Amino acid sequence: MKTHHKEFLLNAIQRQYPRWPTTFSPCITEGCAEFSRGGSECPKCLEKELAFGTDAATAKKYMELVAELRHLEYHILFDKKQNSDGLDRSRPN
């Protein structure tokens, strides 16, 4: 797999984890029952495609990190505090 295609996949995966509310529609991959942002491939299909260009463990780890990044961005943008128990401890406005 060429570098520019891998870069496309990385951007497509990041797009599937939006910072803001958005709409989702069925994945365009035939036979897939998942949903995707923007009427494209869903995260599971994109992960499979990325694994083809790298390996399954790397693709899985990348997906986890992108999801975690979006979670952290949410907490940074909205000044959320989270305890070790995972419960939101937001500062009152």
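1. Helix axes here are lines fitted to C-alpha atoms over the stretch in contact, and the angles between them run from 0 to 180 degrees between N-to-C directions. With that convention, the axes of α2 and α3 come within 8 Å and cross at roughly 140°. Since angles over 145 degrees count as roughly antiparallel and those that fit none of the named ranges count as oblique, α2 is therefore to be described as oblique to α3. The crossing of these two helices, α2 and α3, is right-handed. On the α2 side the residues that meet α3 are Pro43, Glu47, Leu50 and Ala51, and their counterparts in α3 are Ala56, Ala59, Lys60, Tyr62 and Met63.

2. As to the overall layout, the coordinates are those of a predicted model, and the remarks in this note should be read with that in mind. The protein contains three helices and two strands, which follow one another along the sequence in the pattern α-β-β-α-α. Of its 93 residues, 20% count as buried. Among the contacts in the protein with a separation of 6 or more, 36% are accounted for by residues 24 or more positions apart.

3. The packing of α1 against α3 can be set out in similar terms, with axes that come within 10 Å and cross at roughly 45°. This angle makes α1 oblique to α3, and the crossing of α1 and α3 is right-handed. Leu10, Ile13 and Gln14 of α1 make the contact with Tyr62, Met63, Val66 and Arg70 of α3.

4. For the remaining helix pair listed here, α1 and α2, the axes are 10 Å apart and the packing angle is about 155°. These two helices are therefore roughly antiparallel to each other, and α1 passes α2 in a left-handed crossing. The residues of α1 that make the contact are His5, Lys6, Leu9, Leu10, Ala12 and Ile13, while α2 contributes Leu46, Glu49, Leu50 and Gly53.

5. Which residues form the largest nonpolar core? The nine residues concerned are Leu9, Ala12, Ile13, Leu46, Leu50, Ala59, Tyr62, Met63 and Val66. The elements that give two or more residues to this core are α1 (3-15), α2 (43-53) and α3 (56-77), and the largest share, four residues, comes from α3. In soluble globular proteins, nonpolar side chains tend to be buried together. Taking Leu9 as one member of this core, its contacts, leaving aside neighbours within four places in sequence, are with Met1, Leu46, Glu49 and Leu50.

6. Ser36 deserves a separate comment. The residue is placed in strand β2, which spans residues 35-37, and Ser36 counts as buried because its relative accessibility is 0%. A polar atom of the Ser36 side chain lies 2.5 Å from the backbone oxygen of Ser40. Leaving aside neighbours within four places in sequence, Ser36 is in contact with Gln16, Thr23, Phe24, Ser25, Pro26, Cys27, Glu41 and Cys42.

7. Is Cys27 buried or exposed? Cys27 is buried, because its relative accessible area is 8%, and the residue lies in the loop between β1 and β2. Not counting residues up to four places away in sequence, Cys27 touches Cys32, Glu34, Phe35, Ser36, Ser40, Glu41, Cys42 and Cys45, a list that includes the Ser36 of the preceding point. The C-alpha atoms of Cys27 and Lys44, which are 17 residues apart along the chain, are separated by 9.6 Å.

8. Arg19 lies in the loop between α1 and β1 (24-26). With a relative accessible area of 44%, Arg19 is partly exposed, because the value falls between the 20% limit for buried and the 50% limit for exposed. The C-alpha atoms of Arg19 and Tyr74 are separated by 7.0 Å, although the two residues are 55 residues apart along the chain. Not counting residues up to four places away in sequence, Arg19 touches Arg70, Glu73 and Leu77. With Glu73 there is also a polar contact between the side chains, at 2.9 Å from Arg19.

How values were computed: Residues numbered from 1 in each chain as written. Predicted model: local features only at pLDDT ≥ 70, side-chain atom pairs only at ≥ 80, totals over all residues. Heavy atoms only, no water. Core = buried A, V, L, I, M, F, W, Y, C linked by side-chain atoms within 4.5 Å. Buried < 20%, exposed > 50% of the residue type's maximum accessible area, 1.4 Å probe, protein only. Contact = heavy atoms within 4.5 Å. Polar contact = N/O pair within 3.5 Å; in protein donor to acceptor, adjacent residues only side chain to side chain. Parallel < 35°, antiparallel > 145°, perpendicular 65-115°, else oblique. Left-handed = near helix turned anticlockwise from the far one by under 90°.
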